[in-house]
Amino acid sequence: MLFQNTIDTSSYMIAGYSIFFGVTIIYLFSLYTRWRNLLRDLETLEELEDK
Amino acid sequence: MKTKPSALKALDIASLILLAVATYLALVFAPTERVMGDVQRVFYFHVATAWVGLLGFVAAGVTGIIYLRTQDLKWDLVEQAAVEISLVFFFITIILGSIWARPIWNTWWTWDPRLTSASIVELIYLAYLMLRQGIEDPDRRARFGAVYTLVGAISVPITFLSIRLFRTIHPVVIGNESSAAEGGFAMTGDMKIAFFFALFAFTIIFIDLFWNRIRLGHLQQKVEQLKLKVMD
Amino acid sequence: MKKIIEDRSPLSLRERAEGEGKTPSGNYLRAIGAVAWKDLAAELRSKELLSAMLVFALLVIFIFNFALELDVKTRDSVTSGVLWVTFVFAGTLGLNRSMAIEKDRGCLDGLLLAPVDRSAIYFGKAISNLAFMLIVEIIVLPVYSLLYNTNLFQPGLLLIILLGSIGYTAVGTLLSAMSVQTRTRDVMLPILLFPIILPVVIAAIRASGAYLQNMPFDQILPWLNLLIVYDVIFIAVAFMVFDYVVEE
């Protein structure tokens, strides 16, 4: 019976999950941005190729 | 190439749903751990992201070997995707591990064998990226990348065992507690559900991200080849 | 004079490789010997690599004297760490210079033209790199012993230094062959090498420390085993993979 009240560590839990979702969202956003940029590059290059 | 295959679209949706469910299970469904409190919930995603990191790590090593055998640049592409995903997810693992350690053992870092090995993997990936950046020729870049992921894939497990051996012979006070506590809180049935579901969900998430990232790699390769062609 | 210069040229290497004994294994061993001897002979004359490594190692030891409390009490626990950090850093110098010389003088291309298995080049380079590292270590040990009044000449310690150096140069030779072909060259090698040789560093420091503190053998054995396993695995891997690293 060492612990009568569980210590309140919920702020750490929130920090942890925020980090998880933050990093994941940033990574997904980077994937999306890179995809868009590449598509744009592809269009430009295909135009150049046709000339 | 530009339209996403419907299987992948379905996988995207499935991943999002699974992630949502896993989050619910971890944050709401699982009971609060009696000793550590809510921060223990971080553990479910800490292990799940480590699992994804590990999948990527193994995939990188294996595709490295396959590239060396086949000399087909498609495999180099896959290897880069694996490294990138593993890099991101081990990063999350390490931070979550640190956040978990802080309130429980009053330290930001425990030099626990698994966390330390994950950090070493991150350093190897950074070295990998720097190595590739310093090489112009795509074929040489791919070959060197493959050799290095192979060398890394063999070295890291040995490093992990060395650290663990080191810790059993020289137990560090904080470390002992943490290595006991990694499995040292008894998981109740509900916790196990959250835990194993997270592992399952993140496996699907890994496959989804991997596939998406490989598609990105293909597009990148196409653009580069076209660039070379047009610039001539 | 002329003879020594000729001996360093790739053409005479090829002659030696095709050599008197026509057996393939004889040629192979001869090739390894030729590559290794080329470096050793060149170094015996110029001594530029060894002197650089040696002076660097001694300077590092001196810096450690001011950085750490190397008094009698803490010395025993810290000596093995100081020694191995010194060896790792000095070793990097040697590996870098050794490969850079190959590349800059065009020797590497010449060697690649020779009709020997590429892995012979690997073994030859690795042996000469190992020789340089061992020479530096053999000189550093008595200097350290004198400066800090500890006897480092114990057979167990020497064995660990040998095994650790073998593992270090086995991986280092492979990775330096890669790093010398990148834009950032010298800087790239430690970044590539250090995470990979961690098992060697951990095991060698632990085992050396255990020997110096006269710990029972069963405490040292697991580290010895680890070193041997690492050495065997990585020599095999480097041997299989070296081709991919030097092909054009």
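Buried area is the accessible area that two parts lose on being put together, summed over both. Keep that in mind as you walk through this predicted model.

**Stop 1: chain C alone.** Select chain C and colour by secondary structure: you should find 11 helices and 0 strands. Of its 248 residues, 53% count as buried. Now turn on the contacts with a separation of 6 or more; in chain C, 78% of these join residues 24 or more positions apart. If you draw the surface, chain C exposes about 11100 Å² of accessible area, with 68% belonging to carbon and sulfur atoms.

**Stop 2: bring in chain B.** Show both chains and select the residues in contact: 28 come from chain C and 29 from chain B. Together the two chains bury about 2800 Å², and carbon and sulfur atoms give 75% of that. On the chain C side, pick out Met178(C), Arg183(C) and Tyr244(C), which lose the most area to chain B and together make up 19% of what that side buries.

**Stop 3: the polar links.** Zoom in on Arg183(C) again, and add Glu136(B): the two form a salt bridge, with the closest N and O atoms 2.6 Å apart. The interface of chain C and chain B has 2 salt bridges by the rule used here. Polar contacts between these chains come to 9 residue pairs.

**Stop 4: the helices that touch chain B.** Select α8 (155-179), α9 (188-196), α10 (198-212) and α11 (217-246) of chain C, the elements that each give two or more residues to this side. Finish on α11(C), whose 11 residues are the largest share. Coloured by residue class, the chain C side divides into 21 nonpolar, 3 polar and 4 charged residues.

Notes. Residues are numbered from 1 along each chain as its sequence is written. Chains are lettered from A and ligands numbered from 1 in the order in which they are written. This is a predicted model: local features need pLDDT of at least 70, side-chain atom pairs count only at pLDDT 80 or more; totals for chains, interfaces and linings use all residues. Side-chain values use heavy atoms; hydrogens and water are left out. Helices (H or I, at least four residues) and strands (E, at least two) are DSSP runs, numbered from the N terminus. Buried means under 20% relative accessible area, exposed over 50%, partly exposed in between (1.4 Å probe, protein chains only). Contact means heavy atoms within 4.5 Å. Accessible areas come from the Shrake-Rupley method with a 1.4 Å probe; for residues, only the protein chains shown count as cover. Buried area is the accessible area (1.4 Å probe) that two parts lose on being put together, summed over both. A salt bridge is a side-chain nitrogen of Lys or Arg within 4 Å of a carboxyl oxygen of Asp or Glu. A polar contact is a pair of N or O atoms within 3.5 Å; within protein, one must be able to donate a hydrogen and the other to accept it, and residues adjacent in sequence count only if both atoms are side-chain atoms. Ala, Val, Leu, Ile, Met, Phe, Trp, Tyr, Cys and Pro count as nonpolar, Asp, Glu, Lys and Arg as charged, and the others, Gly among them, as polar.
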